[in-house]
Structure formats: structure tokens, C-alpha cells
Amino acid sequence: MMKLFTFRGLPWSPSNGSREKVELTSAEVESLRSELADLEEKEAQLKAQLENIDEILRSARLSGYLYIRTRWAALPGETPPIDDTDVDDWLPRFVVLQGECLFLYLLCTDLSPQDSTLLSDIIEVNQLPSFKREDSEMRYAFCILTRHGLRYECSSSSKIQVDSWLSALQSDCKLESDTSTSNGSI
């Protein structure tokens, strides 16, 4: 059992029932204090991350990992962008729909988002054709276009997840669904 509590450079050698005094040099004591301080700091950081995740998940309308890639729309007078549908540059991001914003985190444990977009800046949310990745896994996709020309292409292996995001974004951004007809039926 004592081997579980072995610090670097301090071997525990329990004797047979006798209590021997362990003498440490001041350098070893200072090293232990430093390691304990580092561990306490790491624990505080992990607690802060956990509290942040908890707060985000409690207040978010929708959250989860999506594969994302970003593109910029061509400006007037520019040549159209090259067809890069074969480029596999999808990166996993933790996406949170919270309040009037869409937040993109690198990981769900990050304390601050990598990117964010106001829902009022979103002008289009459309479903994209599904596709197969190199690993033969089917991906369902949708895109978000902002009024600044930034286009987020999002995908997931879960059709239900994509449908949830489409529905939530279209209702929160007050956009018409591209799958509905003029009389409202699908």
C-alpha cells in the first residue's frame, strides 16, 4: 500500500512493525512542498474548469461536439473560391448555443471560447448533402452563413444531432427552413 504514496526520490521502506524515523534534508522538504503547491494549483484549475463546464451546460440551449470547417464567401468582384469539397479539414469543436451567441470551444474543458458569433449576424442556416469520410463513416452536415461572409460548415455522424442544431438555429435566428414549402408542410 505504501508504494502508492511514493514521491520521486523518497522510497518508502516500511520496516517490520518498528517505527523508524525518516529524516529528510531541507532540499527534499522544499521539493515536497513545491510538489504539493503544484498539485493544489492544478486541483484549483481543474475545479474552475469543471465549474465552467457545469455553468455552460446548465445555461446552454444546445451544446455538443461537431466537426467544423470555416470558409469565407467571395466578395463582389472576386473569383469564386476553388472547389475544396475533397479536402478533409474538418476539426472537432465543442459548440454551445447560449443566449444570443454561438460559441466554439476547442475542447469542452476550455475556459474561454475560441470563436463566437452573434445569432443576429447569422443570415442563413441550411442543410448540406451528407457525405462519407475516408473512414467510410456517414456524415450529416449543415452550414451557417454570417452577414460578414463567414461560413461555418458543421457535420456529425448523428443525423439527430444535426437536425437538432438546424431546428434550434433556425428558430433562434428566426430563419425560414429550406425544407418547408410555402404552405408550411414538409
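**Aromatic pairs and a histidine loop**

At 9% relative accessibility, F94 counts as buried, since the cut-off for burial is under 20%. This value, like those that follow, comes from a predicted model.

A search of the whole structure finds two aromatic pairs. In one of them, F94 meets Y65 edge-to-face, with 5.2 Å from centre to centre and 65° between the planes. F94 belongs to strand β2 (residues 91-98) and Y65 to strand β1, so this pair ties together parts that are 29 residues apart in sequence. Unlike the buried F94, Y65 is partly exposed, at 37% relative accessibility. The other pair is formed by W90 and F131, and it counts as stacked because the ring centres are 5.5 Å apart and the planes lie at 20°. Here W90 sits in the loop between β1 and β2, while F131 is part of strand β5 (residues 122-132), so the parts tied together are 41 residues apart in sequence. W90 is buried, with a relative accessibility of 10%, whereas F131 is partly exposed at 23%.

Y65, found in strand β1 (residues 62-72), also has a place on the surface. Together with L106 and L107, Y65 makes a nonpolar surface patch of about 260 Å².

Turning to the histidine, H148 is placed in the loop between β6 (138-146) and β7 (150-156). Leaving aside neighbours within four places in sequence, H148 is in contact with W72 and D121. With D121, the meeting is a polar contact between the two side chains, at 3.4 Å. As for W72, its C-alpha atom is separated from that of H148 by 8.7 Å, although the two residues are 76 residues apart along the chain.

Technical notes
Residues are numbered from 1 along each chain as its sequence is written. This is a predicted model: local features need pLDDT of at least 70, side-chain atom pairs count only at pLDDT 80 or more; totals for chains, interfaces and linings use all residues. Side-chain values use heavy atoms; hydrogens and water are left out. Patches are made of residues with over 30% relative accessible area and no salt bridge: like charges are joined within 9 Å, nonpolar side chains (Val, Leu, Ile, Met, Phe, Trp, Tyr) within 5 Å. Accessible areas come from the Shrake-Rupley method with a 1.4 Å probe; for residues, only the protein chains shown count as cover. A salt bridge is a side-chain nitrogen of Lys or Arg within 4 Å of a carboxyl oxygen of Asp or Glu. Helices (H or I, at least four residues) and strands (E, at least two) are DSSP runs, numbered from the N terminus. Contact means heavy atoms within 4.5 Å. A polar contact is a pair of N or O atoms within 3.5 Å; within protein, one must be able to donate a hydrogen and the other to accept it, and residues adjacent in sequence count only if both atoms are side-chain atoms. Rings of Phe, Tyr and Trp (its six-membered ring) pair if their centres lie within 6.5 Å; planes under 30 degrees apart count as stacked, over 60 as edge-to-face and the rest as tilted. Buried means under 20% relative accessible area, exposed over 50%, partly exposed in between (1.4 Å probe, protein chains only).
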